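These questions and answers go through one structure step by step. Each answer ends on the value or name asked for.

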Amino acid sequence: MTTFQEIGISEPIQRAITDMGFEEASPIQEKAIPVALTGKDIIGQAQTGTGKTAAFAIPILEKVDTSKKYVQAIAIAPTRELAIQVSEEINRLAKYTGITSLPIYGGQSIDRQIKALKKGPHIITGTPGRLLDHIKRKTLKLDRISVVVLDEADEMLDMGFLEDIERILKETPEDKQTLLFSATMPKPIQNLAEKFMRDPELVKMKAKEVTSPTVKQVYYEVNERDKFEVLCRLLDVYNPDLAVIFGRTKRRVDELSDALNKRGYLAEGLHGDLNQRQRDVVMNKFRDGNIDILVATDVAARGIDVSGVTHVYNFDIPQDPESYVHRIGRTGRAGKTGLAITFATPREIGQIRSIEKASKGKIQRKPIPTVAEAKESIQRVALEKMVHLVEEEEYKEFKQSAGELLEQYDAIALVSIALKLLSKEQRDVPVQLTSETPRYANKPKIKVKEKRRVNYKGNKQFGRKGENSKRPKSL
Ligand SMILES: Nc1ncnc2c1ncn2[C@@H]1O[C@H](COP(=O)(O)OP(=O)(O)OP(=O)(O)O)[C@@H](O)[C@H]1O
Ligand SMILES: [Mg+2]
């Protein structure tokens, strides 16, 4: 166990870390922070949910000079939600330092951002397009930057942001420090590193699998037309706290979230065609637990950290192994366990094998639960709900009616009906989804050289104080 004190973190940041409930440094933090503190460029690779954000945020905070009121560091991220989240994590860590971080991203009023930039934030997190926009307007100056972070750099390349990133980096001083982080490091990233970094040190966690070891992976062979019914059954059987369901296209996401709502689940969709306000509302509802299910395109696959996500569903099989690794990494974070469920049509079974090969993991095949099993789970959930309400004594106002009913009817019949009413009722509402044609790159890009499995401490437990890892209900 390595404490943050041992890796030389200053006192105000240590205090914030304690407030956040981190007890020890995660392996990537333990390895990357001391190197970053020396000023070296770093390429950091570690599995999803293992604390890469703090691994780059802490060294930035140690470097920022609060007496200077200009931007001293930027972190570039592929999506707006991630830019916001990274900024929030930086601000939490900066709580006792006087350092401020500001997210700037597309879809938000530019005037509002200009006003906020004038207040002199020390750190900016943003998406490439909007960062460039501000650079062109001269509302953001990067000539006194000392650190640049590229979070999810491989995704930014995939999304075609290379030119934007080049243009942003041109505005920064030669002698800045560059930190590049992701759970996956395909080949083109090495070219990017050679181009933009100075003698970078590769800080990589040795692990057998690219995927997080705390995520159990299973797949179901399902015909396209049966996917929705199987999904509902699985949701009933597993009864997740929070789940993310990934769909291939925006239309798919919309249809799927509508269909789930028709069947009585609390779900909302997230994709790039929503306006920023709608995107923010959906994310906040999900973070606050006002919806249980987030249905999303790959826009939510990278970096998004919502605690309490117990299940990830690949309703449509991801297009490439990287996407798979990141999608399923939305669960099993910070040492908790999670379950990743992938649907593969009979023609897609080969892709399951390619993903296994590329990610060096095992995806176990499972039989589809029967209708009876799903029903049994629905009843169990209703029963648990009822017991909970009785224990909480939330029935006083119904006592008189209950007494009257009991005089006339059989007690078993009454309780059974109450259970029936508590069970989800909309199971038979017909829904229709447009079928999606698979698009699969079939080019595994992940390379993991290490053969040896190093038992990384995070496996044992690195989590927040007082948070017990919750096992997904077993199949
Ligand atoms: N040392 C620590 N102890 C406990 N929890 C931590 C620690 N460091 C980070 N965390 C928490 O773990 C969660 C995952 O961290 P983070 O989002 O940085 O992961 P990541 O490695 O960037 O994952 P991804 O590859 O998905 O982007 C966050 O909720 C974060 O606050
Ligand atoms: Mg991350």
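Q: How far apart do the C-alpha centres of domain 1 and domain 2 lie?
A: The model is predicted. Its domain assignment gives domain 1 as residues 4-205 and domain 2 as residues 215-369 + 430-468. The C-alpha centres of domain 1 and domain 2 are separated by 27 Å.

Q: Which helix gives the most residues to the side of domain 1 that touches domain 2?
A: On the domain 1 side, 27 residues are in contact with 26 residues of domain 2. The elements that give two or more residues to this side of domain 1 are helix 4 (80-93) and helix 7 (153-158). By class, this side has eight nonpolar, 10 polar and nine charged residues. With four residues, the most is given by helix 4.

Q: Where does ligand 1 lie with respect to the domains?
A: The shell around ligand 1 has 22 residues, and Phe22, Gly51, Lys52, Thr53 and Ala334 come nearest. Residues of this shell come from both domain 1 (4-205) and domain 2 (215-369 + 430-468), so ligand 1 lies between them.

Q: Which element gives the largest share of the shell around ligand 1?
A: By class, the shell around ligand 1 divides into seven nonpolar, four charged and 11 polar residues. Its largest share is three residues, and these come from helix 3 (residues 52-63).

Q: Where does the largest nonpolar core lie?
A: This core has 116 residues, and Ile76 and Leu93 have the most contacts inside it. Helix 3 gives the most to this core, with seven residues. Both domain 1 (4-205) and domain 2 (215-369 + 430-468) give residues to this core, so it lies between them.

Q: Are the residues Ala73, Ile74, Ala75 and Ile76 of strand 2 buried or exposed?
A: In a regular strand, side chains point to the two faces of the sheet in alternation. In strand 2 (residues 73-76), Ala73 and Ala75 are on one side, and Ile74 and Ile76 are on the other. Both faces of strand 2 are covered, and these four residues are all buried.

Q: Which residue in strand 5 is the bridge partner of Ile76?
A: Strand 2 runs parallel to strand 4 (residues 123-126), joined by four bridges, and there Ile74 stands opposite Ile124. Strand 2 also runs parallel to strand 5 (residues 147-151), again with four bridges. Beyond its neighbours within four places in sequence, Ile76 is in contact with residues including Val149, Leu150 and Asp151. Its bridge partner in strand 5 is Leu150.

Q: Which are the edge strands of the open sheet of seven strands?
A: The order of this sheet is 10-11-9-12-13-8-14, with parallel pairing. Each edge strand pairs on one side only. The edge strands are strand 10 (267-270) and strand 14 (364-365).

Q: Which residue in strand 11 does Glu268 stand opposite?
A: Strand 10 pairs with strand 11 (residues 293-296) in the parallel sense, over four bridges. Opposite Glu268, in strand 11, stands Leu294.

Q: What is the separation of the C-alpha atoms of Glu221 and Ala344?
A: Glu221 is part of strand 8 (residues 215-221). It has 16 C-beta neighbours inside 10 Å and therefore counts as partly exposed. Apart from residues up to four places away in sequence, Glu221 touches Ala344, Pro346 and Ile349. Glu221 and Ala344 are 123 residues apart along the chain, yet the separation of their C-alpha atoms is 5.0 Å.

How values were computed
Residues are numbered from 1 along each chain as its sequence is written. Chains are lettered from A and ligands numbered from 1 in the order in which they are written. This is a predicted model: local features need pLDDT of at least 70, side-chain atom pairs count only at pLDDT 80 or more; totals for chains, interfaces and linings use all residues. A residue is near a molecule or strand if its C-beta atom, placed from the backbone, lies within 6 Å of it. Ala, Val, Leu, Ile, Met, Phe, Trp, Tyr, Cys and Pro count as nonpolar, Asp, Glu, Lys and Arg as charged, and the others, Gly among them, as polar. Domain bounds come from an automatic or database domain assignment. A nonpolar core is a set of buried Ala, Val, Leu, Ile, Met, Phe, Trp, Tyr and Cys residues joined through C-beta atoms within 7 Å. A residue is buried if 20 or more other C-beta atoms lie within 10 Å of its own, exposed if 12 or fewer, and partly exposed in between; C-beta atoms are placed from the backbone. Two residues are in contact if their C-beta atoms, placed from the backbone, lie within 7 Å. Two strands pair if DSSP finds at least two bridges between them.
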